[in-house]
Amino acid sequence: MLKRCIWLAVATVFFTFQIFVGNATAVELDRGIRTVPLNESGQTVVLSLQQVERGKRVFNDTCSKCHAGGVTKTDFNVSLSQEDLAFATPRRDTIEGLIDYMKNPTSYDGETDISELHPSIKSADIFAEMRNLTEDDLFAIAGHILIQPKIQGIQWGGGKAYR
């Protein structure tokens with residue numbers, strides 16, 4: 001009986017610690033990390049902690065099957081890294097650019113509509129995971145993609161070692 005009580009106390013302390021550490025992680029994302037480019041004209045936006053949390057959750061639920069860690073499993077030559085997003089046509093390294101892509105995806109050179117191949121709002125009839133996404137969800141996903149290089153560094157998108 002005493003042994004069970006000790007294990008219960010240890011488990012309670014452990015889970016309490018995990019709750020506090022989990023909440024502290026979100027607070028550690030300072031304003032600089034949460035500031036991301038809004039559009040190509042240079043405007044920026046500071047994501048709220050709620051948007052960061054929502055972006056992570058929705059990205060993991062909707063996008064991570066093919067983009068875990070910022071890698072594109074269907075084409076390892078194009079990732080969600082800052083560099084690859086910036087060199088896409090049109091550029092995808094802003095909130096507005098990523099939202100546009102999630103609505104109307106095109107090939108990396110911008111010449112071919114790939115909405116039948118890539119989940120998007122345009123092809124929500126084919127890709128069920130896109131049906132219930134709101135504008136706020138798209139904004140949060142885009143924000144998540146853009147802050148990950150600040151958090152994970154070059155590991156986001158597969159890192160230079162994989163190229």
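**Notebook: an aromatic pair and a helix contact**

I looked up tryptophan 156 and found it buried, at 4% relative accessibility (buried means under 20% relative accessible area, exposed over 50%, partly exposed in between, with a 1.4 Å probe and protein chains only). The model is predicted, so I note that local features need pLDDT of at least 70 and side-chain atom pairs pLDDT 80 or more, while totals for chains, interfaces and linings use all residues. Residues are numbered from 1 along each chain as its sequence is written, and side-chain values use heavy atoms, without hydrogens and water.

I searched the whole structure for aromatic pairs and obtained one (ring centres within 6.5 Å, taking the six-membered ring of Trp; planes under 30 degrees apart are stacked, over 60 edge-to-face, the rest tilted). Phenylalanine 59 and tryptophan 156 form this tilted pair, at 5.9 Å centre to centre and 50 degrees between the planes. Phenylalanine 59 lies in helix α3 (residues 49–62) and tryptophan 156 in the segment after α7 (135–152), so the pair ties together parts 97 residues apart in sequence. Helices here are DSSP runs (H or I, at least four residues), numbered from the N terminus. I also found phenylalanine 59 buried, with a relative accessible area of 2%.

I next examined α6 (residues 95–103) against α7. Ile95, Leu98, Ile99, Met102 and Lys103 of α6 meet residues of α7 including Glu135, Leu138, Phe139 and Leu146 (contact means heavy atoms within 4.5 Å). By class, I recorded ten nonpolar, one polar and two charged residues in this contact (Ala, Val, Leu, Ile, Met, Phe, Trp, Tyr, Cys and Pro are nonpolar; Asp, Glu, Lys and Arg charged; the others, Gly among them, polar).

Conventions:
Helices (H or I, at least four residues) and strands (E, at least two) are DSSP runs, numbered from the N terminus.
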